[in-house]
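Here's a quick briefing to read with the viewer open. Have a look at the chain below, then go through the points by topic.

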Amino acid sequence: MNPVLPPIDDTKIWDIMLSDFKSQAISIALALEVFEGFDAPASAEQLAKKLGYSLRGMKALLPMLKVQGLLDKHQGAYQLNNLSRTYMLKESPYYWGPFF
């Protein structure tokens, strides 16, 4: 059975619907200083332990940040990328934290 596909991609609709969750994930990560916690690639388990937060919370938050392009993941370890280093670290002159 082949479903009938809509005539246009629904990505923009999903982006609109999920936008509240996206900005909340960034706000939470900034408030908890998750980005500052990355001095090396780390699993959710390692980062939760290092920062003193729940593993369940990290397992929910880190994938949201990855999907938004703010983290990369290689071999089970999350890491900062150029986008997050430039805009999500307090030490950066381009820090966007106050806007979230």
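**The hairpin loop and the rest of the fold**

Gln75 sits in the loop that links strand 1 and strand 2. Keep in mind that this is a predicted model. Zooming out, the chain has 4 helices and 2 strands, and going from the N terminus the order reads α-α-α-β-β-α.

**Gln75 and its hairpin**

- Gln75 isn't a glycine, yet its phi is positive, at about 50°.
- Is Gln75 buried or exposed? With a relative accessibility of 87%, Gln75 falls in the exposed class, because the cut-off for that class is over 50%.
- The hairpin built from strand 1 and strand 2 leaves 2 residues between the strands, and Gln75 is where the positive phi turns up.
- Strand 1 covers residues 71-74 and strand 2 covers residues 77-80; the pair runs antiparallel and is held by 4 bridges.
- To trace the pairing by eye, start at Leu71, whose bridge partner in strand 2 is Leu80, and then go to Asp72, which faces Gln79 in strand 2.
- One thing to keep in mind while looking at the side chains: in a regular strand they alternate between the two faces of the sheet.

**Glu33, another positive phi**

- Glu33 is also not a glycine, and its phi is positive at about 55°.
- Where does Glu33 lie? You'll find Glu33 in the loop between helix 1 (11-31) and helix 2.
- The relative accessible area of Glu33 is 36%, so Glu33 counts as partly exposed.

**Helix 2 and its buried side**

- Helix 2 spans residues 44-51, and its buried residues include Ala44, Leu47 and Ala48.
- Why do these three end up on the same side of helix 2? They do because the arc they cover around the axis is only 100°.
- The spacing fits a general rule: an α-helix has 3.6 residues a turn, so residues three or four places apart point the same way.
- What do the buried residues of helix 2 pack against? Their partners are helix 3 (55-67) and strand 2.
- Right after helix 2 comes Gly52, with a positive phi near 80°.

**Helix 1 against helix 3**

- The axes of helix 1 and helix 3 come within 10 Å, with a crossing angle of roughly 115°.
- The crossing of helix 1 past helix 3 is left-handed.
- On the helix 1 side, the contact uses Phe21, Lys22, Ala25, Ile26, Ile28 and Ala29, while helix 3 brings Leu61, Met64 and Leu65.
- By residue class, this contact between helix 1 and helix 3 breaks down into 8 nonpolar, no polar and 1 charged.

**Whole-chain numbers**

- Along the principal axes, the C-alpha atoms of the chain fill a box of roughly 50 × 30 × 20 Å.
- The chain has 100 residues, and 28% of them count as buried.
- Taking contacts in the chain with a separation of 6 or more, 48% come from residues 24 or more positions apart.

Terms used:
Residues numbered from 1 in each chain as written. Predicted model: local features only at pLDDT ≥ 70, side-chain atom pairs only at ≥ 80, totals over all residues. Heavy atoms only, no water. Pairing = 2+ DSSP bridges. Buried < 20%, exposed > 50% of the residue type's maximum accessible area, 1.4 Å probe, protein only. Arc of directions from axis to C-beta. Contact = heavy atoms within 4.5 Å. Axes fitted to C-alpha atoms, helices over the stretch in contact; angles between N-to-C directions. Left-handed = near helix turned anticlockwise from the far one by under 90°. Nonpolar A, V, L, I, M, F, W, Y, C, P; charged D, E, K, R; others polar.
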